[in-house]
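Please open the structure in your viewer and keep the sequence panel beside it. We will go from the whole chain to single residues, one selection at a time.

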Amino acid sequence: MTEQPHEPFTGRGAGRMDAIAKGPFAPIYPVIARQIIDTCNITEGRCVDIGCGPGHLAMALGAASNLSIDALDSSNDMLAIARQNIQEAGLTDRVHTVCGDVHDLPYDDNSIDLIVSRGSFFFWDDRVRAFQEIYRVLRPGGRTFVGGGFGTPALKAEITEKMRVIDPEWEVKAAERLAPKNRDAIRRDLEKTGIPVYEIHEGEAGFWVIMRK
Ligand code: SAM
């Protein structure tokens, strides 16, 4: 299934996302990378960041581990920015961009040790299929850290303050995405997948699906 990337993630939308990721959101990526490593305990092997956008989580994970990371996105405009960011960060040896769709991942079964994704699953067209795809490519012994969040409640509060100036609608949109009814919908989708072992780690600052295989 090949989808057209959603409009906020192409053209000027991609540039805007990079500016926000380099501005108010910048402190969250190293914090989330550390949470991923502490939770999943995987620091080498193959990792994919699905819906990497401008690549900041992939780069933070690359800097904090020995993982070989594919920064995957369905938007070529996002990937062009990610490539530039990865080059500027000096991480081209271990972080590579890949154009792909979460509904049809370009990987063999049981081939990826760690699959991460931040802020992307709100935009997937068929979350059940996407979760099943992620599980298909996950290697036995592998883990996922897939969801949305801001690192800590304090970082979330700081971002909210700054985003009020940049985009007055952002606070409402962000609250809606992780509202209880959406969290419940994600739980129901996970139940439909038939994936046998997963946990949900959730709190004020995030909602993450940790699958095990
Ligand atoms: N993960 C990045 C971050 O936290 O800064 C970017 C998050 S951005 C809100 C969501 C990203 O998911 C966009 O770059 C978008 O192109 C990507 N995306 C949306 N649907 C996708 C799909 N079906 N497959 C792959 N990527 C997708």
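The stops below begin with the whole chain and then move to a strand, a loop, two helices and the ligand.

Select the whole chain to begin with, and keep in mind that this is a predicted model. Colouring by secondary structure should bring out eight helices and seven strands, and the C-alpha atoms, taken along the principal axes, fill a box of roughly 45 × 40 × 35 Å. A compact globule of 213 residues would have a radius of gyration near 17 Å, and the chain, with 16 Å, agrees with that. Buried residues make up 39% of the 213 residues in the chain, and, of the contacts with a separation of 6 or more, 73% are between residues 24 or more positions apart.

Next, select strand β1, residues 46–50, where four of the five residues are buried, so that the strand is largely enclosed by the rest of the structure. Add strand β2, residues 68–73, to the selection, and you will have a pair that runs in the parallel sense over five bridges. Within this pair, C47 stands opposite I69 in β2.

Now move to A89, which lies in the loop between α4 (76–88) and β3 (95–99). Is A89 buried, exposed or partly exposed? A89 has 16 other C-beta atoms within 10 Å, and a residue needs 20 or more to be buried and 12 or fewer to be exposed, so A89 is partly exposed. If you draw a distance from the C-alpha atom of A89 to that of L190, which is 101 residues away along the chain, it should read 36 Å.

Select helix α5, residues 127–137, and show the side chains of its buried residues, which are R127, A130, F131, E133, I134 and Y135. An α-helix has 3.6 residues a turn, so residues three or four places apart point the same way. To see what covers the buried residues of α5, add β4 (112–118), β5 (138–149), α8 (180–193) and β7 (206–211), which are included in that cover.

Stay with α8, whose 14 residues reach 20 Å from the first C-alpha to the last, close to the 20 Å expected at 1.5 Å a residue. Just after α8 comes G194, which takes a positive phi of about 80 degrees.

Finally, select the ligand and the 23 residues that surround it, of which the closest are F9, G51, G53, G119 and S120. Colour this shell by class, and you should find ten nonpolar, nine polar and four charged residues around the ligand.

Technical notes. Residues are numbered from 1 along each chain as its sequence is written. This is a predicted model: local features need pLDDT of at least 70, side-chain atom pairs count only at pLDDT 80 or more; totals for chains, interfaces and linings use all residues. Helices (H or I, at least four residues) and strands (E, at least two) are DSSP runs, numbered from the N terminus. Two residues are in contact if their C-beta atoms, placed from the backbone, lie within 7 Å. The expected span of a helix is 1.5 Å times one less than its number of residues. A residue is near a molecule or strand if its C-beta atom, placed from the backbone, lies within 6 Å of it. Ala, Val, Leu, Ile, Met, Phe, Trp, Tyr, Cys and Pro count as nonpolar, Asp, Glu, Lys and Arg as charged, and the others, Gly among them, as polar. The radius of gyration is taken over C-alpha atoms; the globule rule is 2.2 Å times the number of residues to the power 0.38. Two strands pair if DSSP finds at least two bridges between them.
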